[in-house]
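Here are my notes on the model you sent over. Have it open while you read, since the points go element by element.

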Amino acid sequence: MLKTSRRTVAKVIADQLLNGASSEKLMQQLAGYLVKHGLTKQSDLYLRDIESLLATRGHSIVDVTTARELSDSLRKQITKAFAGQQSVVLREHIDESVIGGIRIQTSDKLFDATVSEKLRQLRA
Amino acid sequence: MAELHVETLAGELEAAIAKLEASGKLASSGIVTRVGDGVVWIYGLRDAGYSEVLQIETDEGSVEAFALNLMEDEIGAVLLGDDSRVKAGAKVSRSGHVLDVPVGPELLGRVVDPLGRPLDGKGPIKTKARGLVERPAIGVLGRKHVHEPMMTGIMAIDAMFPIGRGQRELIIGDRQTGKTAVAIDTMINQARQKTGVVNVYVAVGQKLSKVSRLVDRLREEGVMDQTIVVATGPSDPASLLYLAPYAGCAMGEYFRDNKEHALIIYDDLTKHAVAYRQMSLLLRRPPGREAFPGDVFYLHSRLLERAAKLSDKLGAGSLTALPIIETQAGDISAYIPTNVISITDGQIFMETDLFNQGIRPAISAGLSVSRVGGDAQTKAVKSVSGGLKLSLSQYRELAAFAQFGSDLDKETQATLNRGVRMTELLKQPQYQPMGIWEQVASVTATEAGHFDNVPVEKIKDTQAALLTELWSESKEKMRELNKGAEKVEKDSDIAKLINKTAQKVAKGFES
């Protein structure tokens, strides 16, 4: 039996999500698929793939990491940066180890303007 | 002084920080999902290109890898450094460029690894130019036919299987038959004859003790000043072994493209194919014959095609390649040997039997061939060596028959007699490449039959005496002959001189 590629599975799920299918049910189905094929270890890769496909269809999920809590104006600015998108969901993380600045990560792109990253680059 | 030092440091730091401020940009990123055996599998980076360099972040700086498998779900990349530092989950970013190495005259006299990093402890190498490791070979219009000689200094080769500048001549044979020796002598000859040809020696997975001995020897012979050594040892990752020939080729191409002549030796391509097989199997590419991947022919053809003689418009530079292949028990019909034989413009086949009989270099006259070198042979050598290959093969054939009975007619006896002496004459110790005049004089004297009455064991002494005599008596004429530009006619002054001297010298050795 030919293995269905991760990308194909992700595409089906992304399409169904956009068509208004219940996400809970879809995730249950995906979980069943992963368990059946012994792919549970790859679950986060599947989620990332779904995110990246959703992003290409205009629905971005963005991870924002800062040392302190985001202000509303900054939130607006970040959302504005993704101007071409129909909807932008921010997942905010607070991590003191970044020291300062901001890290914005989508499923396959990264904008790293944190102090910790700059220090790392200086060290390299 | 110390104060000034601190000031410059502060300035540099400020500049570095300023540069970082501007560097924040949206870049694609991926993560390592699996790592092992020098291969990493990466999630993301869907925009990465084939053979692009990727940077993998680790706790101690970044490690480079290059992408070879671009698949729907993941990227397979081969690490250029230590895989023990790379962990699953590490961040990967694109570099935006393919692999390149420093090239230029600054590398001469140095020993480097396939990434151009010095291995000889003589400080950093700062070159003005960089060359692509993978570069398409020059096209049809950029080439010219091979017409200049690349003298190896080995009489058996220069007389029978001449090599031209821009040619690819394979050196093939079992282990311990003197393949590398031929290559080294050729390098040494470039310095002895002051041809100005730059040598690039690529050691693919060779024992480092062997490489170090070779470098010492080249230095002793004064050849190192015009030589670049690209060294990889058996303990280096397969990726470096795979890259070494391409990197060396890029270094040689610099000279080719700058109107100079270069000679590159790949020692050896068997190990290169094995390293590539390892990489391919780890990248899960399907194995084919002898478990080599399907593109193992292309692996070598694209490498050897970069050796070329350029057209006058492009500066008429050249890159001559001498790949080496090691066979198992003389089997030249194995997969890799047949591939490389069909790619190159001829091969020099070294035989174990000959080597053990004391015929060194152990070049097989029957199985060796040079497909383009005839045009490139020096006129002087060509004019005297025409009958050499024929008479040697006639001798071999007769010698096989002569074993059955001793009743031989006079003519056969004479052919055998001449053949034994010719074989003896073509023996040549290592590190003693011969100039054109030495080759011409030796062949002329033997062909004319002056040595026919000299006992076989004294042939080498007679030859040495002849050469000493000629050099001490007529230095100027020999210098002229060494240019090799003129044909040596049978009744020319120089031929007469050689014949006369040979007759005189031979008298003293006849029994």
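1. A quick term before the sheet: two strands count as paired if DSSP finds at least two bridges between them. This is a predicted model, by the way. In chain B, strand β10 (residues 170-173) and strand β15 (residues 346-350) run parallel and are joined by four bridges. To find one of the links on screen, start from B:L170, whose bridge partner in β15(B) is B:Q347.

2. That pair belongs to an open sheet of eight strands in chain B, with mixed pairing. Reading across, the order is β8-β12-β11-β13-β14-β10-β15-β16. Which strands stand at the edges? They are β8 (111-112) and β16 (369-370) of chain B. Each has a single partner strand, so one side of each is left without a neighbour in the sheet.

3. Now look at what lies on the sheet. Helix α3 (residues 179-192) of chain B packs there, touching β10, β11 (198-203), β12 (227-231), β13 (261-267), β14 (318-326) and β15 of chain B. The direction of α3 makes about 160° with that of β13(B).

4. Further along chain B, check helix α12 (residues 388-402) against helix α13 (residues 410-426): their axes come within 9 Å and cross at roughly 115°. The crossing of α12(B) past α13(B) is left-handed. From α12(B), the residues involved are B:S391, B:L392, B:Q394, B:Y395, B:L398, B:A399 and B:A402. They meet B:T412, B:T415, B:L416, B:R418, B:G419 and B:M422 of α13(B). Sorted by class, this contact has seven nonpolar, five polar and one charged residues.

5. Some overall figures for chain B. There are 17 helices and 16 strands, and the C-alpha atoms fill a box of roughly 90 × 60 × 45 Å along the principal axes. Of the 511 residues of chain B, 46% count as buried. Among contacts in chain B with a separation of 6 or more, 73% come from residues 24 or more positions apart.

6. Last, chain A. How is chain A divided? Into domain 1 (1-57) and domain 2 (58-124). The centres of these two domains of chain A, taken over C-alpha atoms, are 25 Å apart. Six residues from domain 1 of chain A and seven residues from domain 2 of chain A make the contact. On the domain 1 side of chain A, the residues touching domain 2 divide into two nonpolar, one polar and three charged.

Terms used: Residues numbered from 1 in each chain as written. Chains lettered and ligands numbered in written order. Predicted model: local features only at pLDDT ≥ 70, side-chain atom pairs only at ≥ 80, totals over all residues. Axes fitted to C-alpha atoms, helices over the stretch in contact; angles between N-to-C directions. Helix = DSSP H or I, 4+ residues; strand = E, 2+ residues; numbered from the N terminus. Left-handed = near helix turned anticlockwise from the far one by under 90°. Contact = placed C-beta atoms within 7 Å. Nonpolar A, V, L, I, M, F, W, Y, C, P; charged D, E, K, R; others polar. Domains from an automatic or database assignment. Buried ≥ 20, exposed ≤ 12 C-beta atoms within 10 Å, placed from the backbone.
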